[in-house]
Amino acid sequence: MDLSSLIDSLHPLEIRVLKAFGAQPSGSALETERLATATALEPSQLSMAIEWLLAKSLLDIDKETITPVVSLTPVGQDYHAKAAPIEQVLTAARESASTGRRLTIPDLQAKDGLDPSDVSKAVGKLKKEGVLLIIQGGCIEATGRPSPTAERVRALLQQLHNGPRELEQFTDSDRQIIQDYAVKRGNAKEPFRVDDRVARSFKLTSTGIMAADHLARQGVAEEVSQLSPELLKDGSWRSKRFRKYTISLRAPRIGTGKKHPYREFLDTVKTKLVSMGFQEMRGSLVETEFWNMDALFMPQFHPARDIHDVYFVKQPTHATKIAEPFLSRVTKAHQDGGKTGSTGWKYAFNMERAKRLVLRSQGTAVSARTLAAGPLTPGKYFSIARCFRYDQVDATHATDFFQVEGIVLGKDINFRTLLGLLNLFAREVAQAKEVKFVPAYFPFTEPSVELHVRHPRLGWMELGGAGLFRPEVTLPLGVDVPVIAWGLGLDRMAMVALGIHDIRELFTDNLELIRTTRGIF
């Protein structure tokens, strides 16, 4: 930009700052305070003008000094007028000693203006100093010693009542007390506040010097923002400087209300499945090991039962009972296969462990309960199930996640039907461009398969497993027709569909990210 165009682009506030520098010897640096005096601008106006000039490379920061400054908070002002908690506790203890009356912690907590946390902190400090003793019965007794902390807190309250002071002006011991009783994150009820006071000085750049010299020599006409009838009538518009408008600037963005992208994605998945004729299944987040694992022909010695994969409920630990005849049938299937034609797992099934309560680790638990409830044949069912597993959190793993769980049952259902549905979900729901199937093993399905899709940035990513339910699962639950089942990670499907590269961003509180993330359709 040439000098003439640069001068024309200057705001009146910027011009006043440049003129202040122009009145000084060339190359001089000015502090913010001196600039405020020379320009007679409000702090906010001066700050804006400086930021604009820095952005235009007309101004540089010459020096920056950060000084910690101590001041009283409103709580501190109140302590100055009355007494700090440590003073109140000490006074109460001394009065108790002089009157012979017993003083306890509950007595102190009952006093007006004292919170339990204030009492605890004050008693702890005074006890450490040897000013108070905790005697038999939990009573507090004053020893008669003075409290250096209480005395210094009172002195600091008095000094800072007259106005803020630099932290360096205090002794090391006073600084420690200030830090101990200063406002911190999560603890705002403290008497002192330590803030960083930033002092800057600025110098003109070479371009800034040229602009300031030009303004000093030729000056600048008075700027007006609009043409009025008076200016036209007397011709004075000829000597005025009209403010320029930049029509290339973007208009301010209005943050309109919208659904969270992931919430919209979940609603869309549900709408699509319902429109395809699926009925929704629902289930509890807290489930028994029986429905979460046993009913799925997962042996009780399976590694997934370990605490490193499943969250156990602390209280209550067990359900009171498991519905019959399912408990007996599943027990037989595990022990010797029962009437399923299988040999089972050949171990002693523990019915008490089957009652153990866990957080649902897979949506297939909802499918098991649906099969036991007498589903329609043929029938199609789905569930959007929240599941919980202990896992290392990273870009593609979380400790809690959504699964889209589904089953289709009927006499003509087969494995090819399953592959067709999985391909449809991957392309229509996840919006995946590349899909592949990988052979897999699950205790409750045979044959089994994993669905993988290619994420634009993360590469191939597993969405979940699927397969044809084994007879050891369906027959004990009262179903004698083929059943295909799948459990796919909706969070990962959403990552592909929404163009997100980190699973944690699905639950972010970053409003900018939420506003700019595109919807699925």
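Asp-62 sits in strand 2, which covers residues 59-72; helices (H or I, at least four residues) and strands (E, at least two) are DSSP runs, numbered from the N terminus. The model is a predicted one, where local features need pLDDT of at least 70, side-chain atom pairs count only at pLDDT 80 or more, and totals for chains, interfaces and linings use all residues. Residues are numbered from 1 along each chain as its sequence is written, and side-chain values use heavy atoms, with hydrogens and water left out.

With a relative accessible area of 39%, Asp-62 is partly exposed. In these terms, buried means under 20% relative accessible area, exposed means over 50%, and partly exposed is what falls in between (1.4 Å probe, protein chains only). Asp-62 also has company: together with Glu-31, Glu-33 and Asp-60, it makes up a patch of negative charge on the surface. Patches are made of residues with over 30% relative accessible area and no salt bridge, with like charges joined within 9 Å and nonpolar side chains (Val, Leu, Ile, Met, Phe, Trp, Tyr) within 5 Å. A salt bridge here is a side-chain nitrogen of Lys or Arg within 4 Å of a carboxyl oxygen of Asp or Glu. Lys and Arg count as positive and Asp and Glu as negative, while His and the chain ends are not counted; each charge is placed at NZ of Lys, CZ of Arg, CG of Asp or CD of Glu.

There is a nonpolar patch on the surface as well, built from Leu-227, Leu-232, Trp-237 and Phe-242, which together have about 370 Å² of accessible area. Such areas come from the Shrake-Rupley method with a 1.4 Å probe, and for residues, only the protein chains shown count as cover. One member, Trp-237, belongs to the loop between helix 12 (229-234) and strand 8 (241-242) and is partly exposed at 33%.

Next come some backbone oddities. Most residues other than glycine have a negative phi, and most peptide bonds are trans. Ala-40, though not a glycine, has a positive phi of about 60°. This alanine lies in the loop between helix 3 (32-39) and helix 4 (43-55), and its relative accessible area of 58% makes Ala-40 exposed. Ser-57 is another non-glycine residue with a positive phi, near 60°. Ser-57 is in the loop between helix 4 and strand 2, and is partly exposed at 45% relative accessibility.

Two peptide bonds are cis. One joins Gln-315 and Pro-316, with omega about -5°, and Pro-316 lies in the loop between helix 14 (289-292) and helix 15 (326-335). Another joins Thr-377 and Pro-378, again with omega about -5°; Pro-378 is in the loop between helix 17 (364-372) and strand 12 (379-388).

Helix 20 (residues 490-498) is mostly covered, with nine of its nine residues buried. Among them are Leu-490, Arg-492 and Leu-498. Just after helix 20 comes Gly-499, with a positive phi of about 70°.

As for the overall layout, the domain assignment gives domain 1 (3-49 + 205-240), domain 2 (72-198) and domain 3 (262-516); these bounds come from an automatic or database domain assignment. The C-alpha centres of domain 2 and domain 3 are 58 Å apart. Thr-149, in helix 9 (residues 148-161), is buried at 8% relative accessibility. From Thr-149 to Trp-345 there are 196 residues in sequence and 70 Å in space, C-alpha to C-alpha.
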